[in-house]
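Trainee: I have a new model open and would like to go through it with you. Could you take my questions one at a time?

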Amino acid sequence: MATVTDFELLRDALGTLKNREAVAERLLESSAKHSFDPDKELDWDAPFEPGKWFWPPELVSLYGTPMWERMSEEQRITLSMHEAASLASLGVWFEIILMQLLVRHIYDKDITSAHTRYALTEIADECRHSMMFARLVKAGGVDPYPVTRFNHNMGRVLKTISTTPGSFACTLLGEEILDWMQRLTFPDERVQPLVRGVTRIHVIEEARHVRYAREELRRQMVTAPKWERHLTRLSAGEAARVFSVAFVNPDVYTNAGLDKREALRQVKASAHRREVMQNGAKRLTDFLDDIGLMEGVGRRLWRSSGLLA
């Protein structure tokens with residue numbers, strides 16, 4: 001197993017590992033130039049525009065299904081509103097877990113290092129994101145969509161006992177699929193301006209978070225003992241399965257006036273939805289494959305999640 005002092009010499013399939021402090025310094029510079037206060041940047045008092053979507057229609061779970069074809073435009077837009085609220089609610093849950101994982105990560109680190117300073121900067125970003133997502137749910141006039149009690153308690157376990165590579169693998173799972181969707185959302189003029197503003201801020205700031213997590217996960221997978229690498233493959237694969245199920249709360253269908261059981265059946269059978277989720281995960285699964293996280297049982301778990309073709 002490699003030691004901390006070996007980092008300059010360590011390599012993986014992607015090349016030589018970058019100096020941890022140098023990466024953090026660049027991310028701190030970017031944070032100083034490109035950070036936002038959503039309370040001031042966005043017009044929270046502006047009314048929603050009639051006829052505009054809350055999420056691009058192609059990214060709504062029922063898009064292209066027989067049920068979708070029977071729905072009116074108004075029903076489709078209403079469903080997009082509920083799915084946007086569901087994703088924002090999921091985002092808050094996930095960000096709160098992530099903040100605690102980051103605090104655990106730096107607990108034993110040098111408090112004067114750039115690596116620690118950037119982690120604290122990211123925690124501040126995630127605080128703002130959580131408040132922004134919660135405010136978006138409230139602006140839509142719908143109730144939040146919590147994850148199931150089981151997943152809520154599993155999250156409690158994860159943030160308490162997760163090993164470091166497992167923490168960063170799960171971080172990327174939560175960040176990269178939603179980031180792919182948001183990159184399609186913020187330039188889309190069919191979507192409500194407030195939603196576009198929220199996704200724009202999140203995309204810009206999350207790019208730094210993804211870079212930090214990727215570099216740290218690479219380092220952890222090179223330096224971790226064999227048992228921890230194997231455990232990370234299992235935990236990341238299981239997290240992918242849970243995430244794919246929790247991505248859209250089933251209650252959105254009931255609240256949009258639809259038959260929940262039939263909606264779930266059609267979403268599960270939808271080739272379009274499967275393609276959307278796999279496209280959203282592809283950049284991540286390619287990366288995880290490169291660094292050795294998609295081997296054996298781990299790959300089978302990712303396939304069962306529907307996020308890997």
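Mentor: Gladly, and let us begin with a cysteine: Cys-127 has a relative accessible area of 35% and is therefore partly exposed. On this scale, buried means under 20% relative accessible area, exposed over 50%, and partly exposed in between, with a 1.4 Å probe and protein chains only. Please keep in mind that this is a predicted model, where local features need pLDDT of at least 70, side-chain atom pairs count only at pLDDT 80 or more, and totals for chains, interfaces and linings use all residues. Residues are numbered from 1 along each chain as its sequence is written, and side-chain values use heavy atoms, with hydrogens and water left out.

Trainee: Is Cys-170 buried or exposed?
Mentor: Its relative accessibility comes to 8%. The cut-off for the lowest class is under 20%, so Cys-170 counts as buried.

Trainee: How many disulfides are there?
Mentor: A disulfide is a pair of cysteine sulfur atoms within 2.5 Å. By this rule the count is zero.

Trainee: Which residues does Thr-232 contact, leaving aside its neighbours within four places in sequence?
Mentor: Thr-232 belongs to helix 9, residues 226-246; helices (H or I, at least four residues) and strands (E, at least two) are DSSP runs, numbered from the N terminus. Thr-232 counts as buried because its relative accessibility is 0%. Its C-alpha is 9.3 Å from that of Cys-170, which is 62 residues away along the chain. With contact meaning heavy atoms within 4.5 Å, the partners are Thr-163, Pro-165, Gly-166, Ala-169, Met-221 and Leu-293.

Trainee: What does Pro-38 touch, not counting residues up to four places away in sequence?
Mentor: Pro-38 is in helix 2, residues 38-41, and is buried because its relative accessible area is 5%. Across 91 residues of sequence, Pro-38 and His-129 are 8.1 Å apart, C-alpha to C-alpha. The residues touched are Trp-44, Arg-128, Met-132 and Ile-201.

Trainee: Which residues are in contact with Arg-76, leaving aside its neighbours within four places in sequence?
Mentor: Arg-76 is part of helix 4, residues 73-106, and counts as buried because its relative accessibility is 15%. The C-alpha atoms of Arg-76 and Trp-53 are separated by 8.5 Å, with their positions 23 residues apart along the chain. The contacts are Trp-53, Trp-68, Glu-69 and Met-71.

Trainee: Which residues do ring pairs link into a cluster?
Mentor: Rings of Phe, Tyr and Trp (its six-membered ring) pair if their centres lie within 6.5 Å; planes under 30 degrees apart count as stacked, over 60 as edge-to-face and the rest as tilted. The structure holds six aromatic pairs. The cluster is made of Trp-53, Tyr-63 and Trp-68.

Trainee: Where is the kink in helix 12 centred?
Mentor: Helix 12 (residues 271-290) has 20 residues and spans 27 Å from first C-alpha to last, close to the 28 Å expected. That expectation is 1.5 Å times one less than the number of residues. The bend at a residue is the angle between axes fitted to the seven residues ending there and the seven starting there. The kink is about 50°, and its centre is Lys-282.

Trainee: What covers the buried residues of helix 12?
Mentor: Those buried residues include Val-276, Gly-280, Leu-284 and Phe-287. In an α-helix there are 3.6 residues a turn, so residues three or four places apart point the same way. The cover includes helix 7 (164-185), helix 8 (193-223), helix 11 (260-269) and helix 13 (297-305).

Trainee: Which residue lies over the face of Phe-287?
Mentor: A charge sits over a ring if NZ of Lys or CZ of Arg is within 6 Å of the ring centre and within 35 degrees of the ring normal. Here the distance from the ring centre is 4.2 Å, and the residue is Arg-214.
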